[in-house]
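User: I would like to learn how to read the features of a small protein model, one at a time. Could we work through one together?

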Amino acid sequence: MIDLYTFTTPNGRKASVMLEEVELPYNVHKIDITQQQQFTPEYIAINPNK
């Protein structure tokens, strides 16, 4: 199972469309970039922004 951490941006939608097209199972986890959630320690632990 793929965990997709995304927000409603064009690039986030592209990832969702691709996963649907190839029929891979995935879970969506919303990361609200307007609330700076991409900088929380929990998120940085799985996806460092360098």
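User: Against which elements do the buried residues of α1 pack?

Analyst: Bear in mind that this is a predicted model. The general idea is to look for heavy atoms within 4.5 Å, and here the buried residues of α1 are packed against β1 and β2.

User: Which residues of α1 are buried, and which are exposed?

Analyst: A residue is called buried when its relative accessible area is under 20%, and exposed when that value is over 50%. In α1, the buried residues are Gly-12, Ser-16 and Leu-19. They cover an arc of only 65° around the axis, so they sit on the same side of α1. Pro-10, Asn-11, Lys-14 and Glu-21 are exposed on the other side of the helix. For the chain as a whole, 22% of its 50 residues count as buried.

User: What do β1, α1 and β2 make together?

Analyst: One begins with the order of the elements, which from the N terminus on is β-α-β-α, the chain having two helices and two strands. Strand β1, residues 2-6, and strand β2, residues 26-30, run parallel and are joined by five bridges, with Leu-4 standing opposite Val-28 of β2. Together with helix α1, residues 10-21, the two strands make a right-handed β-α-β unit.

User: How does the span of α1 relate to the expected value?

Analyst: The approach is to take the distance from the first C-alpha to the last and set it beside what is expected at 1.5 Å a residue. For the 12 residues of α1 the reach is 16 Å, close to the expected 16 Å.

User: What is the phi of Glu-23, and where is the place of this residue?

Analyst: Most residues other than glycine have a negative phi. Glu-23, however, has a positive phi near 60°, and its place is just after α1, in the loop between α1 and β2. With a relative accessibility of 70%, Glu-23 counts as exposed.

User: Where does Gln-36 lie, and does it count as buried, partly exposed or exposed?

Analyst: Gln-36 lies in the loop between β2 and α2, the latter being residues 41-46. Its phi is also positive, at about 60°, although Gln-36 is not a glycine. At 43% relative accessibility, Gln-36 counts as partly exposed.

Methods
Residues are numbered from 1 along each chain as its sequence is written. This is a predicted model: local features need pLDDT of at least 70, side-chain atom pairs count only at pLDDT 80 or more; totals for chains, interfaces and linings use all residues. Side-chain values use heavy atoms; hydrogens and water are left out. Two strands pair if DSSP finds at least two bridges between them. Helices (H or I, at least four residues) and strands (E, at least two) are DSSP runs, numbered from the N terminus. A crossover is right-handed if, with the strands pointing away from the viewer, the path from the first strand over the helix to the second runs clockwise. The expected span of a helix is 1.5 Å times one less than its number of residues. Buried means under 20% relative accessible area, exposed over 50%, partly exposed in between (1.4 Å probe, protein chains only). The arc is that of the directions from the helix axis to the C-beta atoms.
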